[in-house]
Amino acid sequence: MGRARRRKRAKLMYIKFAFLVIVLIVAISLIRNSIAKYRSTAKSSAEVDLAFYMFKETDISQTLKLESILPREQPYEYTFSVANNDGTDRTETAIHYTIELKTTTNLQLDFKVYNANDMTTDLVESTETRADDDGTYFKYIKVAGGNLGFEQDEQVVYKILVEFPTLYNSAPYEGIVEYVKLTIKSTQRIV
């Protein structure tokens with residue numbers, strides 16, 4: 001009689017275990033189907049590589065990727081914009097901003113910056129090469145900035161033209177990476 005009772009208990013345990021597994025699978029599928037899923041997309045009408053939104057006195061920096069840059073006749077073109085709004089919020093004060101490029105000196109690159117509405121005037125004011133505390137040389141390029149108001153949404157689009165002359169089309173320049181940091185410095189402007 002002891003053996004029959006043990007078999008009955010074991011059979012009951014297997015049934016309870018199978019029932020528990022089925023309940024667990026049903027619960028997981030119900031939870032997975034009831035959890036909210038969020039997806040967001042955005043489209044911009046501006047074709048820009050970087051965008052800066054100025055709301056207050058601050059410095060904003062972003063790295064510009066110069067991927068697979070090779071010597072060629074026509075310059076590489078990168079676009080960025082500076083705006084006093086992000087589509088929902090706008091600055092509450094008038095802003096003056098300046099632009100600075102900081103680049104490594106690994107490649108013999110020439111930089112020109114233009115307002116997208118006036119591709120005839122190079123906005124580069126000065127270029128200086130100096131070493132940092134670690135002895136690494138960087139090129140600092142100061143670019144004329146502009147002003148943004150606070151009464152209406154404003155955006156200024158700029159183009160950076162990077163020239164890598166074909167004269168440097170040789171093996172020593174192959175695979176070298178160039179670092180470019182673009183900084184926008186803004187200050188409050190009294191109108």
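Good morning. I begin with the surface: the accessible area of the protein chain comes to about 13,800 Å², and carbon and sulfur atoms account for 51% of that area. Please keep in mind that this is a predicted model.

Of the 191 residues in the protein chain, 28% are buried. As for secondary structure, the protein chain contains one helix and nine strands. Along the sequence, these elements follow the pattern α-β-β-β-β-β-β-β-β-β.

Let me turn to contacts. Among contacts in the protein chain with a separation of 6 or more, 79% are between residues 24 or more positions apart.

Now to the interior. The largest nonpolar core has 27 residues. Which of these touch the most other members? They are Y158 and I160. At least two residues of this core come from each of the following: strand 3, strand 4, strand 5 (110–115), strand 7 (137–148), strand 8 and strand 9 (179–188).

Y158 also appears in the aromatic pairs, and I would like to spend a moment there. How many aromatic pairs are there? The count comes to two. In one of them, the ring centres of F80 and Y158 are 5.2 Å apart. Why is this pair stacked? The planes of F80 and Y158 meet at 20°, and planes under 30 degrees apart count as stacked. F80 belongs to strand 3 (residues 76–83) and Y158 to strand 8 (residues 155–163), so the pair links distant parts of the chain, 78 residues apart. Are these two residues buried or exposed? Both F80 and Y158 are buried.

Y97 and Y158 form an edge-to-face pair, with 6.4 Å from centre to centre and 80° between the planes. The centre distance lies within the 6.5 Å limit for a pair. Because Y97 is in strand 4 (residues 95–104) and Y158 is in strand 8, this pair ties together parts that are 61 residues apart in sequence. Y97 is buried, as is Y158. Taken together, the ring pairs link F80, Y97 and Y158 into a cluster.

Finally, I come to charges over rings. Where does R72 lie with respect to Y76? R72 is over the face of the Y76 ring, 3.7 Å from the ring centre. R130 lies over the face of Y140, and here the distance to the ring centre is 3.8 Å.

To close, I return to Y158: this residue is buried, is linked through ring pairs with F80 and Y97, and is, with I160, one of the residues touching the most other members of the largest nonpolar core. Thank you.

Key
Residues are numbered from 1 along each chain as its sequence is written. This is a predicted model: local features need pLDDT of at least 70, side-chain atom pairs count only at pLDDT 80 or more; totals for chains, interfaces and linings use all residues. Side-chain values use heavy atoms; hydrogens and water are left out. Rings of Phe, Tyr and Trp (its six-membered ring) pair if their centres lie within 6.5 Å; planes under 30 degrees apart count as stacked, over 60 as edge-to-face and the rest as tilted. Helices (H or I, at least four residues) and strands (E, at least two) are DSSP runs, numbered from the N terminus. Buried means under 20% relative accessible area, exposed over 50%, partly exposed in between (1.4 Å probe, protein chains only). A charge sits over a ring if NZ of Lys or CZ of Arg is within 6 Å of the ring centre and within 35 degrees of the ring normal. Contact means heavy atoms within 4.5 Å. Accessible areas come from the Shrake-Rupley method with a 1.4 Å probe; for residues, only the protein chains shown count as cover. A nonpolar core is a set of buried Ala, Val, Leu, Ile, Met, Phe, Trp, Tyr and Cys residues joined through side-chain atoms within 4.5 Å.
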